[in-house]
Amino acid sequence: MSFLEVHGLTVAYGAIEAVRGVTFSVERGEIVSLIGSNGAGKTTTLRTISGLLRPVSGEVLLDGEPIHRLPAHEILARGVAHSPEGRRLFTRMTVEENLRLGAYTRRDEHGVQEDLEKIYTTFPVLAQRRRDKAGLFSGGEQQMLAIGRALMSRPQLLMLDEPSMGLSPIMTQKIFATIRGLQAEGTTVLLVEQNALAALALSQYAYVIDLGRNGVSGTGHELLADPRVQEAYLGDAVTGPRGE
């Protein structure tokens, strides 16, 4: 039994099926990526796992227990945190206020304070600007804050949706180094990322989602070497410019 299991997941917006029978699993302690083109259904899949959407059919199991009919706050309380696409911060609130919202299901103030200090150690810029409003931050700083907010629930499974979106290459490297560090500390990560090259290099396993359905899957290294994946998602990042 895998830590997270998604079986035959179908999700619709009205009459339009955005996800069509998707199946995958995540082992405890792994980084697993979902890659695919825009509109493939990756974000919808994460939103369904976190309880923001309800599936038409299929199931989501966490440690063998079904969670796909639970409300979002109960799924969070069971250890599933979601850092959404676009960060979705409360821009008029301070860094610390945003972080504390990530711990709203918790009642252990001492532990919350410990985790705040841990986030500030991981992301020193947040410590320096803890009383500043989130809306004043750069994209990279906001992404650090979004990840930190998700971590404040002490998740067993951290789902990250497009963490490198709009970031500079240097900031992207910092974010991916942070993800690798979180895994080293025991956090399981489910990653949706348009930067397929970086995602596959980071992941123990990956799945391609194509038009809402399962495509090829394999270890990160296997998909990096797969000609179909190279042609569709990696392009010149692997093959080099034409003629070279």
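This report covers the nonpolar cores of a predicted model and two residues with positive phi.

**Nonpolar cores**

The largest nonpolar core holds 44 residues. Within that core, Leu99, Leu126, Ile179, Leu191 and Leu200 touch the most other members. Helix α6, spanning residues 139-151, contributes the most, giving six residues. A separate core counts 27 residues. Leu46, Leu53, Leu62 and Met159 are among the members of that other core. In soluble globular proteins, nonpolar side chains tend to be buried together.

Which residues does Leu99 contact, leaving aside its neighbours within four places in sequence? Leu116, Ile119 and Tyr120 are in contact with Leu99, as are Leu145, Gly148, Arg149 and Met152.

**Positive phi outside glycine**

Most residues other than glycine have a negative phi. Asp63 has a positive value, near 55°. Glu162 also has a positive phi, near 55°. Each sits in a loop, as the table shows.

| Residue | Phi | Loop between | Relative accessible area |
|---|---|---|---|
| Asp63 | near 55° | β4 (57-62) and β5 (65-66) | 43% |
| Glu162 | near 55° | β7 (157-161) and α7 (169-184) | 5% |

Is Glu162 buried or exposed? Glu162 counts as buried, because its relative accessibility of 5% falls under the 20% cut-off. Asp63 is partly exposed, because its 43% lies between the 20% and 50% limits.

Note on methods. Residues are numbered from 1 along each chain as its sequence is written. This is a predicted model: local features need pLDDT of at least 70, side-chain atom pairs count only at pLDDT 80 or more; totals for chains, interfaces and linings use all residues. Side-chain values use heavy atoms; hydrogens and water are left out. A nonpolar core is a set of buried Ala, Val, Leu, Ile, Met, Phe, Trp, Tyr and Cys residues joined through side-chain atoms within 4.5 Å. Buried means under 20% relative accessible area, exposed over 50%, partly exposed in between (1.4 Å probe, protein chains only). Helices (H or I, at least four residues) and strands (E, at least two) are DSSP runs, numbered from the N terminus. Contact means heavy atoms within 4.5 Å.
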